[in-house]
Amino acid sequence: MRQHYEFTSESVSEGHPDKVADRISDEIVDLFFRESVKDGMSPWDVRVAAETLTTTNKVVIAGETRGSDKITNDMIIDVARQAIKDIGYEQDGFHWNTADIDILLHAQSADIAQGVDDGCGMHAEEGAGDQGIMFGYACNETPALMPAPVYYSHKILQRIAKARKLEGKTQLGPDSKSQVTVRYENGKPVGASAIVLSTQHLDADMCSEDVAELVKPYIYEELPDGWITDDTIWHINPTGKFVIGGPDGDSGLTGRKIIVDTYGGAAPHGGGAFSGKDPTKVDRSAAYAARYLAKNIVAAGISDWVNIQLSYAIGVANPTSIYVDMGGKGQVSETELERAIREVMNLTPRGIREHLQLNKPIYARTSAYGHFGRTPDSDGGFSWEKTDLVDALKAAL
């Protein structure tokens, strides 16, 4: 790997139109888990694949589901409105209370179900919900074992959202984007070469300089000491005014920010989106498992960084391949680690859901600021960020 270089990653806020769509889709996943279990249905039988389109005062939700018969379109519309309200949209062009919401959800295909459900199709065990490749990555650049550029891009927007929602900075709007260029020396992140931030502002009289004066302290607060210097290049609202934002300014779609959701381009992505999918879809659950394994490998001191690929065939339980890359610089060989991974974790869809306890309404919180690099919650949210597999990996090796 190069030792001296610059690398850039971006993030988008919860109010970005694509992230509004992701949030609504994940709220539907949570709704189906919550209400189906309340109605006596097993969480193992819940299925959701919900896609959302957002545009000017319009939301369209389509896809396939399986769950309690008591879940109505009115309930789905209500969780969508509450999500929009929580994000902060009360604007003429997009308002939580007046947006027109269409529901186009229908039952899951029986042809897909027969390959996923236990004892159906060609195999006795629950199979993967689709074919595909998933990647997991971790490195020791940040406390969360995430690449520094995307980690700090997320942190900046989280801090600005806190200022907007909890600290009275109501002149800021929900829609924003950040981008951080990190300078690496001897393979380690040492500073910010450039910082880009575009944030919606509801005060039409504000100019770029006014926005910069407001948000720069939050950026300094989130970046490590000494990272911002006189040589750091700043671009705050570089196009000027940014009053019209969110779905009124641009349409949004579920699953269109997959690089923001993962590693900011510092590692591969298999292509499948996460939001709106229940954990039988390995696009989501196996990507979580791969991150979980990668984070524990780095936490165990086996390597400074690791990239893991898993692959699956639809209707088949076990992964078709496991690939580990540490650049040949790990404490053990990649082949040994691939063997150990198979020993310490059952990587079938059912095994992943059991190990990470994914059959819960824990998904709406993942829809913004990255699915990885977060703090595990007491109720099981972000369980894939735990480092409780370290001892098992060391023992297997």
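Helices and strands are taken here as DSSP runs, helices of at least four residues and strands of at least two, numbered from the N terminus. The structure described is a predicted model. In these terms, T142 is placed in the loop between β7 (132–139) and α4 (148–166). Its relative accessible area is 6%, so T142 is classed as buried, the limit for that class being under 20%. Setting aside residues up to four places away in sequence, T142 touches P147, A148, Y151 and Y152.

A second buried position is provided by A21, which belongs to helix α1 (residues 17–38). The relative accessible area of A21 is 0%, and this residue is therefore counted as buried. Beyond its neighbours within four places in sequence, A21 is in contact with T52, T54, G252, L253 and T254. The C-alpha atom of A21 is also separated by 6.1 Å from that of L53, a residue 32 positions apart from A21 along the chain.

Charged pairs were examined next. Side chains of opposite charge can pair when their charged atoms come close. The structure holds 25 salt bridges. One of these joins the side chains of D18 and R256, with an N to O distance of 2.9 Å. Because D18 lies in helix α1 and R256 in the loop between β11 (252–253) and α7 (258–261), this pair ties together parts that are 238 residues apart in sequence. The two partners are assigned to separate burial classes: D18 is buried, with a relative accessible area of 2%, whereas R256 is partly exposed, with a value of 39%.

Another salt bridge is formed between the side chains of D102 and K58, at 2.7 Å from N to O. This pair links distant parts of the chain, with D102 in strand β6 (residues 100–107) and K58 in strand β3 (residues 58–66), 44 residues apart. D102 is partly exposed, its relative accessible area being 30%. K58 is likewise partly exposed, with a relative accessible area of 22%.

A further salt bridge connects R291 with E385, whose closest N and O atoms are 2.9 Å apart. Here too distant parts of the chain are linked: R291 is in helix α8 (residues 282–299), and E385 is in the loop between α10 (349–356) and α11 (390–396), 94 residues apart. Both R291 and E385 are buried. In addition to these pairs, a network of salt bridges links E14, R23, E27, D86 and K165.

Charge also gathers on the surface. D203, D205, E209, D210 and E213 form a patch of negative charge there. Within this patch, D203 is located in the loop between β9 (188–201) and α5 (208–222). The relative accessibility of D203 is 34%, so this residue counts as partly exposed. That value is consistent with membership of the patch, because patches are made of residues with over 30% relative accessible area and no salt bridge.

The surroundings of helix α10 were considered in turn. The buried residues of α10 are P349, G351, I352, R353 and L356. The cover over these buried residues includes β2 (47–55), α8 and β12 (305–312). Helix α8, one of these covering elements, also carries R291, the partner of E385 in the salt bridge described above. Just after α10, Q357 takes a positive phi of about 50 degrees.

Positive phi values were also found at N186 and F382. N186 has a positive phi of about 55 degrees, although this residue is not a glycine. The position of N186 is in the loop between β8 (172–185) and β9. With a relative accessible area of 55%, N186 is exposed, since that class covers values over 50%. F382, which is not a glycine either, has a positive phi of about 55 degrees. F382 lies in the loop between α10 and α11, the loop that also holds E385. At 3% relative accessibility, F382 counts as buried. N186 and F382 thus both lie in loops, but N186 is exposed and F382 is buried.

Note on methods. Residues are numbered from 1 along each chain as its sequence is written. This is a predicted model: local features need pLDDT of at least 70, side-chain atom pairs count only at pLDDT 80 or more; totals for chains, interfaces and linings use all residues. Side-chain values use heavy atoms; hydrogens and water are left out. Patches are made of residues with over 30% relative accessible area and no salt bridge: like charges are joined within 9 Å, nonpolar side chains (Val, Leu, Ile, Met, Phe, Trp, Tyr) within 5 Å. Accessible areas come from the Shrake-Rupley method with a 1.4 Å probe; for residues, only the protein chains shown count as cover. A salt bridge is a side-chain nitrogen of Lys or Arg within 4 Å of a carboxyl oxygen of Asp or Glu. Lys and Arg count as positive and Asp and Glu as negative; His and the chain ends are not counted. The place of a charge is taken as NZ of Lys, CZ of Arg, CG of Asp or CD of Glu. Buried means under 20% relative accessible area, exposed over 50%, partly exposed in between (1.4 Å probe, protein chains only). Contact means heavy atoms within 4.5 Å.
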